[in-house]
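Here is a friendly walk through one protein model, meant to be read with the structure open beside you. Have a look at the chain first, then use the notes below to find your way around.

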Amino acid sequence: MKHSFDYQKDRIAVIGLGYVGLPLAVAFAKKFNVVGFDLNQSRIQDLKRGYDKTLEVENHSLLSVSNTLKYTFNIDEIKKCNIFIVTVPTPIDKINKPDFFPLINSCKIIGQILKKNDLVIFESTVYPGATEEICVPQLEKLSNLKFNKDFFCGYSPERVNPGDKINSLENIKKITSGSTEYIAQKVDDLYKIIIKAGTFKTQSIKVAEAAKVIENTQRDLNIALVNELSVIFQRLNLDTVEVLEAAGSKWNFLPFRPGLVGGHCIGVDPYYLTHAAEKVKYNPSLILAGRRINDNMGIYLVKKFIQKMILNGINIKDSTVGVMGVTFKENCPDVRNSKIADVIYELKNWGIKVVVEDPWANEKDLLEIYNIKLSKIKEKTVDSLIVAVGHKEFRLKSPKELKNLCKKVSPVLADVKSIYNKKDLLDKGFSVFRL
């Protein structure tokens with residue numbers, strides 16, 4: 001049975017207005033009355049002024065739904081909503097264990113105002129079973145309502161790719177699920193209203209949770225493999241990119257490249273799966289091995305980079321290195337879990353002065369999270385360069401422009417993302433290192 005929605009009476013609250021929540025709120029506001037809720041008051045003030053610091057939603061898009069999308073940090077303003085969608089982050093702590101505080105706190109907020117027949121949908125990444133083990137008890141406790149009798153839950157994991165304007169929310173197929181067969185269909189029908197690419201309804205919330213967490217675990221392991229290959233090929237005096245390009249001539253060879261794995265998905269989600277595995281007394285050795293490889297690539301990069309500097313006669317203690325790019329991916333201001341920070345810290349541990357340039361990074365976030373300041377790499381001021389992120393501005397720079405930034409005759413350039421032609425860099429006098 002297909003469910004119909006009353007676009008005037010049904011009111012949606014989106015809890016958490018970050019990279020996931022804001023685009024979702026905007027999409028639903030084209031059809032429904034939506035309230036976007038976030039505890040970050042400065043974030044709410046920015047959105048009320050029509051500015052999104054994540055750059056995921058353009059100003060004209062925010063303006064187009066100004067009559068149907070309201071922003072608040074006041075719980076009273078979401079009381080009349082009957083559909084709640086939770087899009088808060090699910091990070092890991094210092095020992096790589098799931099940090100459920102934002103998720104639990106969201107459930108406590110919703111639990112205070114939950115009414116009979118309300119629907120709560122979770123989009124945050126969790127381990128299989130977490131919605132019913134962690135979220136539902138909180139909702140029941142604070143609302144005094146009974147799960148699957150008085151209120152219902154769904155799970156539809158986010159698949160947002162920050163900075164990607166082609167694979168946007170509406171253009172990515174959406175996994176859906178619900179706590180009963182009836183609710184599963186209702187959740188599926190709800191998302192079909194905004195998702196052009198269609199939906200995939202799973203048999204249970206737990207299946208949907210598991211599907212989400214293995215998407216990024218698979219990518220993490222594939223990147224870990226090519227990262228390990230990069231280490232091996234370096235010792236064999238082979239260029240990893242050249243080897244991968246040759247292997248890529250086979251039709252079924254997967255085109256993964258080595259790199260620094262950061263961000264709030266690939267570098268985090270596998271730990272939610274390993275948490276679930278350990279709960280059932282299984283040691284996920286392969287997944288954890290992949291995590292160890294990827295987490296250590298920043299240190300490895302600095303080690304090889306400094307070796308090349310020493311071979312070029314550069315005095316490490318008195319040197320200055322320019323780092324171009326500090327966000328976790330290109331053309332995106334997000335610095336959360338950026339592995340470039342590891343690179344910068346390690347360079348400083350060697351006594352190297354570091355100048356960090358990034359036209360995309362949110363300077364306030366960078367300072368608060370990592371205590372890293374942004375600057376501009378001026379001509380003839382650095383001894384060597386690390387181009388860490390493939391921002392479009394950096395891709396446009398010629399080898400000559402890069403060389404003009406360096407004061408040494410034989411500088412080292414680490415092209416982490418392999419965005420330049422290696423021969424052109426060598427012709428300009430660079431010693432080149434790339435993963």
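What follows is a short tour of a few helices and loops. Please keep in mind that this is a predicted model. A good place to start is helix 5, which spans residues 130-143 and has a kink of about 35 degrees at V136.

**Helix 5 on its own**

- Helix 5 is built from 14 residues, and its first and last C-alpha atoms lie 19 Å apart, close to the 20 Å expected at 1.5 Å a residue.
- The kink at V136 comes shortly before the proline P137, and V136 itself is one of the buried residues of this helix.
- The other buried residues in helix 5 are A130, T131, I134, C135, L139 and S143.
- An α-helix has 3.6 residues a turn, so residues three or four places apart point the same way.
- The cover over the buried residues of helix 5 includes two helices, helix 4 (101-113) and helix 7 (205-235), along with strand 5 (119-122) and strand 6 (152-155).
- Just past the end of helix 5, N144 adopts a positive phi of about 60 degrees.

**How helices pack together**

- Two packed helices are described by the angle between their axes and the distance between the axes.
- For helix 4 and helix 5, the packing angle is about 30 degrees and the axes are 8 Å apart.
- Angles under 35 degrees count as roughly parallel, and helix 4 and helix 5 are therefore roughly parallel to each other.
- Helix 4 crosses helix 5 in a right-handed sense.
- On the helix 4 side, this contact is made by L103, I104, C107, K108, I110, G111 and Q112, while helix 5 brings I134, C135, Q138, L139, L142 and S143.
- Helix 7 also packs against helix 11 (residues 297-311), at an angle of about 20 degrees and with the axes 12 Å apart.
- That angle makes helix 7 roughly parallel to helix 11.
- The crossing of helix 7 and helix 11 is left-handed.
- In this contact, N227, S230, V231 and Q234 of helix 7 meet M297, Y300 and K304 of helix 11.

**Positive phi in loops**

- L55 sits in the loop between helix 2 (41-48) and helix 3 (59-64), and has a positive phi of about 65 degrees although it is not a glycine.
- With a relative accessibility of 37%, L55 counts as partly exposed.
- S418, another residue other than glycine with a positive phi, has a value near 55 degrees; you will find S418 in the loop between strand 12 (412-415) and helix 16 (422-427).

**Partners far apart in sequence**

- V26 belongs to helix 1 (residues 21-29) and, at 5% relative accessibility, counts as buried.
- Although V26 and S66 are 40 residues apart in sequence, their C-alpha atoms are 9.2 Å apart in space.
- Beyond residues up to four places away in sequence, V26 touches V57, S61, L62, V65 and L69.
- N312 lies in the loop between helix 11 and strand 9 (320-324) and is partly exposed, with a relative accessible area of 25%.
- N312 and V409 are separated by 97 residues in sequence, with a C-alpha to C-alpha distance of 9.3 Å.
- Setting aside neighbours within four places in sequence, N312 is in contact with S410, P411, V412 and S431.

How values were computed:
Residues numbered from 1 in each chain as written. Predicted model: local features only at pLDDT ≥ 70, side-chain atom pairs only at ≥ 80, totals over all residues. Heavy atoms only, no water. Helix = DSSP H or I, 4+ residues; strand = E, 2+ residues; numbered from the N terminus. Expected span 1.5 Å × (residues − 1). Bend = angle between axes of the 7 residues up to and from the residue. Buried < 20%, exposed > 50% of the residue type's maximum accessible area, 1.4 Å probe, protein only. Contact = heavy atoms within 4.5 Å. Axes fitted to C-alpha atoms, helices over the stretch in contact; angles between N-to-C directions. Parallel < 35°, antiparallel > 145°, perpendicular 65-115°, else oblique. Left-handed = near helix turned anticlockwise from the far one by under 90°.
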